[in-house]
Every structure is written in C-alpha cells, then in structure tokens.
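Here is a tutorial in turns. A learner asks how to read a feature, and a teacher answers.

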Amino acid sequence: MTIEELLEKYAKGVLDFSGAELAEVNLSGTKLSGVNLSDANLSVANLSGINLADANLSYAKLNVARLSGANLSGAILNNSSLNVANLIRADMTRAQLRQASLIRAELIRTDFSRADMCEANLNSADLREATLRQANLRRTNFSEANLRGSSLREANLEMANLNAADLTSSDLSGANLRDSELRQANLCMANLSGSDLSGANLRWADLRGANLAWADLSGAKLSGANLTGADLSHANLTNASLVHANLTQAKIIKVEWVNAELTGATLTGAKLYATSRFGLKIEGIKCEWVDLSPTGDRTIIQNFHGDELREFFNTTPPTIRIIVDLPLEHEANFVIAGIYYQIAQEYEGLIQPPSVENSNRRTVFTFRVENDEALLSTAFMAILPFKDATATQKIIHTMVDLIRQEVITSQSFKSPALAKKLIILLEEAMNKSKIIKQTKKHLEVAAKLNFFKAPTQTILTNSSAHSLTIYDSPNFGKRFVNRSPASSSVDNTSNESEYNIPSLKTIIDFVQSFYFIH
C-alpha cells in the first residue's frame, strides 16, 4: 500500500489498516487519529509530528521509527515494538503500552502521564526529563535506563526493575515503589518524599542528598547504599537493612527504625533528633559525632569516645510514670481515656495513649516520650487530670527555672541550647494546659471522682536510664494508716507546700545525662 492510497482511504473514513506494510514510509505531519494500524510494520518510518491520537497500534513494529513530536495520546500500543525509536517530546499521555518493547528508545521529554506501561521493556532507554506522572509502571523494566530529571510523581512502580538506572534529580514523590528493584540505581538528589519503598532492593544505590522524608522504607534492603546528606525525616525504616550503609550527615529526625540492621553503617555527622535509639543492630557501627539539635543546626553536638557510642545506641525509651494510690475503677477508666484523648488533640506529645498497670492497691500510667527533652513538658500535661497537678506542675516550672538560672550564672551547664529548648517546650505546655482547662469538660468530671483526688508520684526516666522523682505526694502510701477498715474515701488534704523539690545537683545531673551529653 502506498502512502497516497492510505491517505485517500483515510480521508473517505476508512480506519482499518491492520497488518499494513509501511516500513520506511514518510508520514511526518499527517493526521491519522483513531486509525487501526495493529500488526502494521512501520519500522524506520518517518512519523515526526504525526497525529495518531487514540490510534490502535497494538503489536505494530515501529523499530527505529522517528516519532519526535508525535501525538499518540490515548493510543493503544500494547505489545508493540519501538526499539531504538525516536519519541523525543512525543505526547504519550494516557497511551496503553502494556508489554511494549522500547529498548534503547529515545524518550527525552516525552510525556507518559497516566500511561499504562505495565510490564513494558525500556531497558537502556533515554528518558531524560520525561514525564511519567501517575503512570502505571508495574513490573516495567527500566534497567540501565536514563531517567535523569524525570517526573514519576505518584507513579505505580511496584515490582519495577530499575537496576542500575540513572534517576538523578528525578521526582518520585508519592510513588509506589513497593518491592521494586533499585540495586545500584543512581538516586542522587532524587525526590522520594512520601514514596512507598517497602521491601525495595536499594543495595549499593546512590541516595546522596535524596529527599526521603515521610517515605516508607520498612523492610527495604539498603546494604551498602550511600545516603550521605539524605533527608530521612519521619521515614519508616522498621526492619530495614542498612548494613555498611553510609549515613554521613543524613537527616534522621523523628524516624521509626525499630529492628533496623545498622551493622557496619557510618553515621558520623548525622542529624539525629526525636528518633529512638533502642531495638537496633549496631555491631561495628562507625560514628565520630552526631548533631542532636532539633533543627540540625549543630547547637547540640555529641562526640563519642571509647564505649560511649555503643551506650548511646543501646538506650531505653524515655518514659513518664504517674503512680496513683488507688486501683483504677470502671468509671475512672472511661473518664481518663476521654481526658487523654482531648489533651492529645491539643498537645501532640500525648498522641500515644499510656500503658496501664492496675493492681488492687495502685494504678501506674506509663507514657513513652519521643525524646529526653520532652520529658518535663509532657509530664506537665500528663498530670493534668489529677488533683496533684498543681503541685507537680509547680515543681516542673521551678526545675526549668533553676536550669535557666544555672545557665546564666554558671559555666558548668554543658548545653545552653538544650536549656533554651526545655524553656520553650514548657511555655508551650503551659499555654496548652490553660486552653484545655478552659474548654475540656472531662476535667470537671474527673475532679468529682475519688480516683483523681488520690495521692500520686511522678517519675521520669530518660534514655540513659536515669530516673528522677519530680513529685511524691506526702499522703502517698498512707491510705490505710490510722483509718478504719470501713472508710474508703480519699483524704488528700495535706498542704500543697509539703513537697520536696529535687536538689539543683540532682536536676542538673538528670538533664545533662540526656543524650549522654559530655
């Protein structure tokens, strides 16, 4: 069939040209939208600027064809062959390319937005600055492909093969990369924020300066990966393997990485804040110093000597224990749940409910805290439902004020930045406490119940396993002293001034054991 015959029939409304032999033809700039060229041979054809929107090219041969600037939006190219084809700046939006072959194809700045390329083969293809937003790339083969500066935002790359692919400065934010193959991939400066990389193979991948904030890397394989300067803020690294990974100066802020394997990893200069340091495998870990400041501005530096590094990464979770000198009854249990839920709505430090141990004499509430410096301010909020709140809060306020004075008058306090942070956090807690007292009705209910009038103890334990009792009610443990067996009401009438503030040395020693500060 000649070009003239094809165009003449198309002009008359004929659309079916399936199986046509059109190798090496020149159809550049023509309009053939909606045409059926399935099984056609268009190899080495010049199709530059052609309009093939919504055309059927399934099983077609387009090897070495020129399709630069072509419009293939909505076209069907399932099982087609486009090896070494030139599709530079082509419009492939919404196109179907399932199991298509585009080996070594030129796809620079090609737009594949919302295209279906499931199980397509793009081995060694050139996709520099290509757009693949929201594309279906499940099980697609991008091995050794060039995707520098490409946009794969919210694309589905589940189980895709990106082995040794170049994804430098690419945008993969919100993408699904679950169980994908990224071994030795170059992801330097890539944006992977909010992406799902759970179970992905990133062994020996280059992730220098990559943005992995809020990414799910649970169960990911990152052995030997280079994460120098990468942002892992809020990432999930639970059960991830980071054996011999390089995390030099990486941003590890509010990361969840319980059971992560860090054997032989390097963390020198890492920005480590509000991230737990327990439940990790750290044999042979290398780290000269870490930045513990909230913003990563190096105002709190921790240097390591001797066995200090092992001690630092074998910490316990910071906790607050409130011990109530009465067993928890059903009504009080209901009220306390409501109170802590309402407090959490205002104060995120109590977003996790406490664990509760109840005996026939006492109740213990244990709150896990994200980091040491939040202990005092969170305790200020946690005690709110109880009558002892006033006394306990006064002690906490006094403690922070003593720390502030110590920083001003003495050079012995080793971290002024930490003291400043404690003051800021307490001021925030005080403001939130006022709001809660004014608006939350559950506190009024609690005030009428014996359980919340009972004597309490408040004990803080920091990540270095140092404990400090900040309040111990004078009536604690005296419920059965000089009391008839028939009496069951709580008598907590001791003067609130009858409590002991921990000594200045005790307070300073406790605070300066945060993070193993030296």
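The turns below go from the whole chain to single residues.

Q: What kind of model is this, and how are residues numbered?
A: This is a predicted model, where local features need pLDDT of at least 70, side-chain atom pairs count only at pLDDT 80 or more, and totals for chains, interfaces and linings use all residues. Residues are numbered from 1 along each chain as its sequence is written, and side-chain values use heavy atoms, with hydrogens and water left out.

Q: How many helices and strands are there in the chain?
A: Helices (H or I, at least four residues) and strands (E, at least two) are DSSP runs, numbered from the N terminus. The chain has nine helices and nine strands.

Q: What does the radius of gyration say about the chain?
A: It is taken over C-alpha atoms, and the globule rule is 2.2 Å times the number of residues to the power 0.38. For 518 residues, a compact globule would come out near 24 Å, but the chain has 32 Å. The C-alpha trace spans about 110 × 50 × 35 Å along its principal axes.

Q: How many of the residues of the chain count as buried?
A: Buried means under 20% relative accessible area, exposed over 50%, and partly exposed in between (1.4 Å probe, protein chains only). Of the 518 residues, 54% count as buried.

Q: Which contacts in the chain join residues at least 24 apart?
A: Contact means heavy atoms within 4.5 Å. Take the contacts between residues at least 6 apart in sequence: 29% of them join residues at least 24 apart.

Q: Which way do β6 and β7 run?
A: Two strands pair if DSSP finds at least two bridges between them. Strand β6 (residues 355-358) and strand β7 (residues 363-368) run antiparallel, joined by four bridges. Asn-358 has Thr-363 in β7 as its bridge partner. Four residues make the hairpin link from β6 to β7.

Q: Is Thr-366 in β7 buried or exposed?
A: In a regular strand, side chains alternate between the two faces of the sheet. Thr-366 lies in β7. Thr-366 counts as buried because its relative accessibility is 16%. Leaving out residues up to four places away in sequence, Thr-366 touches Thr-319, Ile-320, Arg-321, Pro-354, Ser-355 and Glu-357.

Q: How do β8 and β9 run, and what lies in the turn?
A: β8 and β9 run antiparallel, with five bridges between them. Leu-460 has Leu-468 in β9 as its bridge partner. The two strands form a hairpin with five residues between them, and Ala-465 in the turn has a positive phi of about 70°.

Q: How many residues of α4 are buried?
A: Helix α4 (residues 375-382) is mostly covered, with eight of its eight residues buried. Among them are Leu-375, Phe-380 and Met-381.

Q: What do the buried residues of α9 pack against?
A: In helix α9 (residues 504-512), the buried residues are Ile-507, Ile-508, Phe-510, Val-511 and Gln-512. They pack against α4, α5 (389-409), α6 (416-439), β8 (456-461) and β9 (467-472).

Q: What is the phi of Glu-129, and what is that of Met-159?
A: Most residues other than glycine have a negative phi. Glu-129 has a positive value, near 55°. Glu-129 is found in the loop between α1 (3-11) and β1 (251-253), and is partly exposed, with a relative accessible area of 43%. Met-159 has a positive phi of about 60°. Met-159 lies in the loop between α1 and β1. Its relative accessible area is 26%, so Met-159 is partly exposed.
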